[in-house]
Every structure is written in structure tokens, then in C-alpha cells.
Amino acid sequence: MQRTRIDLEAIADIHNLARAAWLAGRRKRRSPEALAFFQDFERSLARLAAGIQDGTRPLGLYRPFTVWDPKRRLIHAACFEDRVLHHAVFAQAGPVLERAMVDSSYACRPGKGPLAAVQRAQAALRRYPWYVKIDIRGYFPAIDQARLMTLLERCFKGAPFLALLRRIIAGYETAPGKGLPIGTLASQFFANYYLDALDRLLLERLRVCDHVRYMDDVIWWCEDRAQATETLRQVRDFAAQVCLLEVKETAQINRSTHGVGFLGYRVLPGTLRLSHRRRRSYQERRRHWERAHAAGWIDGAGLQRAYAAVHGITAHAASRGWRAKNLSRFPPVEC
């Protein structure tokens with residue numbers, strides 16, 4: 001693989017940084033950090049450019065908080081200046097990593113995403129008789145930083161740029177030499193690329209029928225149960241010995257006709273149904289906005305807008321009948 005040189009001058013270019021600041025601030029303009037950064041915009045950009053050149057950036061400051069979606073996740077939000085830096089770095093490095101990955105990886109990539117992954121999985125369920133589905137135990141906290149840097153060194157050259165990537169990675173640890181923070185742009189790119197070798201094992205060496213990966217959720221298809229069992233064994237070994245990761249014991253081998261739970265849907269060859277998680281999320285959010293309307297916090301137009309957003313949870317699934325039953329069992333809260 002031919003390596004790509006990226007110079008720090010390209011990262012620190014004022015136009016690259018300005019666009020990165022706009023991207024980083026799209027949903028953060030009113031935060032105190034973002035307001036301070038944009039208040040003296042030219043000086044902020046000059047300070048960040050100098051820090052990139054002299055090796056004092058990123059700052060490595062994170063704000064931790066917990067979300068439940070549906071399980072508990074500890075999120076680490078990078079400080080605003082580091083968010084700008086991440087956007088500036090991956091404006092240059094992102095296309096290189098994009099070209100390096102196989103087509104059947106769908107997370108955080110242009111023109112792909114969860115719905116496209118689900119649709120490809122459904123097409124494969126129609127064509128091939130058996131599937132294997134796995135995910136990785138504690139994926140982001142378990143990523144090995146030294147192996148990640150080895151992978152990046154195969155893509156990029158230029159000691160200053162590689163040193164910048166090393167500083168970004170080393171700014172966070174769950175254990176010595178382990179882990180990426182959930183919630184940063186850099187982590188999305190790094191974590192997605194980290195499992196590309198596993199994708200290639202399945203597609204190029206094991207020659208499975210088809211394959212879909214969304215971050216650490218992986219499904220592949222086989223001609224029979226024996227092939228499915230053998231490929232799962234080899235994937236477990238590869239994950240442990242090469243990727244330094246553990247495949248969960250809950251790995252599934254099943255017939256495609258039985259369908260598979262994937263990214264919030266129950267995917268069947270002929271239809272998409274809502275998972276229990278999406279059903280619960282739909283009901284909780286609908287009831288939340290109905291209570292808000294009953295309490296006078298939002299008006300009727302606001303409730304209609306909220307309904308439109310909540311119904312987006314059920315989009316693309318055969319859910320009309322279930323929504324009617326849900327509405328009958330849990331009628332709207334009266335004002």
C-alpha cells in the first residue's frame with residue numbers, strides 16, 4: 001500500500017482551520033467554549049495553527065458525561081479547540097482512510113450509514129442461507145493504541161503528522177496503552193479503520209458470501225453451517241491474536257430466513273420490523289412530548305413537530321400496525 005504524505009502546513013492552513021471551526025461549531029455555537037473561540041476568531045485560528053506546528057496541540061481536555069442509549073455509555077466530549085483540530089486533521093486524512101477501507105464497512109462514511117447497512121444486510125439475507133453476527137466486547141475502551149499507530153503508519157508518512165496523530169491517540173486512556181474516547185470525530189475514524197483488517201480477513205482470505213460491518217457490529221454470510229462455524233472460529237482467533245480484542249460470547253449463527261437484529265431493526269428477508277429498543281424509544285419520546293403539551297410547555301404546533309421527529313424512529317420499518325396498537329394502549333395525555 002502506498003503511503004500518503006500529509007504535512008502539518010496543510011493541517012494548519014488558515015482556510016482548512018476556518019472550515020474545521022465551522023464544522024465543529026455547527027451545533028455548538030452557543031456553548032461558552034465556542035463563543036470564546038469565535039469572539040476573536042482570527043486570533044483563535046492563529047493560536048491553534050501555532051500549536052499544531054510547535055507540537056502543543058491537541059490540549060487533550062475532555063468533558064465526561066453518561067448517556068443511556070439504551071445501555072449506559074460514558075461519553076468524553078473534546079474541548080472545542082480540539083474539536084476544531086480533529087476536523088482539520090480529518091479533512092486531510094479522512095479521504096485517505098476512506099479509500100483504504102472495504103466497501104462493506106458502513107459507519108461514519110460518506111454515502112453510507114445505518115440505513116444503507118441494514119438494506120445491504122436484508123439483500124444478503126435474501127441471497128445466502130446462513131449468517132454469523134458478532135460484536136466486540138467493550139470496543140472503544142479495548143482498542144490497542146500501539147497497534148492503531150502501526151496501522152496508521154501504513155497509510156501515512158511524514159514524521160510530524162504521525163507525531164500529531166500519536167498525541168491525539170495518547171491524550172486518552174482507559175488502561176495503559178488502551179482505549180479511545182467515545183464521542184470524538186477522531187475516535188470515529190480511528191475505530192472504524194481499526195477493524196478493516198478483520199473485514200479483509202473475511203472477504204479476501206475466508207471468502208465469505210457477503211459481509212456488512214457497522215463499527216464493531218459485524219455480520220457475514222455463508223453457504224452452510226459448517227462454513228459459518230469455521231469462519232467464526234477463525235475470526236475469534238484473529239480478533240484476539242491480531243486485533244487484541246475479544247469477540248463476545250453472544251455471537252450468533254442462524255439461518256437467514258429467521259432474520260437478524262441489526263442497528264435497531266429486526267431485519268427479515270421480506271420486511272423490516274422495529275426492534276424492542278426502537279419501540280421503547282418511540283413510546284418514551286411520544287409520551288414525553290405529550291406530557292410537555294399537557295403541561296403547557298409547548299403548543300399544538302410544537303407537538304406536531306415533535307410527533308414528526310418521533311415518527312422518524314419508526315421510518316423504513318413496517319410499523320403502522322404496531323403504532324396503532326401502541327396508540328390504543330397508551331392514548332395521548334389529556335390537557
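A nonpolar core is a set of buried Ala, Val, Leu, Ile, Met, Phe, Trp, Tyr and Cys residues joined through side-chain atoms within 4.5 Å. The views below come from a predicted model.

**View 1. The largest nonpolar core holds 69 residues.** Five of its members touch the most other members: Tyr139, Leu152, Phe156, Phe190 and Trp220. Helix H5, residues 80–100, gives the most to this core. Its share is ten residues. Another core lies apart from this one and has 23 residues. Leu125, Val267, Leu272 and Leu274 are among the members of that other core.

**View 2. Phe156 and the residues it touches.** Residues up to four places away in sequence are not counted here. Phe156 touches Arg3, Thr4 and Ile6. Phe156 also touches Ala93, Val96 and Leu97. Phe161, Leu162 and Leu165 complete its list of contacts. Phe156 is one of the five residues named for the core in View 1.

**View 3. Helices H13 and H14 pack against each other.** Two packed helices are described by the angle between their axes and the distance between the axes. Helix H13 spans residues 276–294, and helix H14 spans residues 300–311. Their axes come within 10 Å and cross at roughly 175°. Angles over 145 degrees count as roughly antiparallel, so H13 and H14 are roughly antiparallel to each other. From H13, the contact uses Tyr282, Arg285, Arg286, Trp289, Glu290 and His293. From H14, it uses Gly300, Leu303, Ala306, Tyr307, Val310 and His311. The residues of this contact divide into six nonpolar, three polar and three charged.

**View 4. A cis peptide bond leads from Arg57 to Pro58.** Most peptide bonds are trans. For the bond from Arg57 to Pro58, omega is near 10°. Pro58 sits in the loop between helix H4 (41–54) and strand S2 (62–68).

**View 5. Met215 has a positive phi.** Most residues other than glycine have a negative phi. Phi of Met215 is near 55°. Met215 is in the loop between strand S6 (210–214) and strand S7 (217–222). Buried means under 20% relative accessible area. Met215 has 9% relative accessibility, so it counts as buried.

**View 6. Leu244 also has a positive phi, although it is not a glycine.** The value is about 60°. Leu244 is found in the loop between helix H12 (225–241) and strand S8 (252–255). Its relative accessibility is 38%, so Leu244 counts as partly exposed.

Notes
Residues numbered from 1 in each chain as written. Predicted model: local features only at pLDDT ≥ 70, side-chain atom pairs only at ≥ 80, totals over all residues. Heavy atoms only, no water. Buried < 20%, exposed > 50% of the residue type's maximum accessible area, 1.4 Å probe, protein only. Helix = DSSP H or I, 4+ residues; strand = E, 2+ residues; numbered from the N terminus. Contact = heavy atoms within 4.5 Å. Axes fitted to C-alpha atoms, helices over the stretch in contact; angles between N-to-C directions. Parallel < 35°, antiparallel > 145°, perpendicular 65-115°, else oblique. Nonpolar A, V, L, I, M, F, W, Y, C, P; charged D, E, K, R; others polar.
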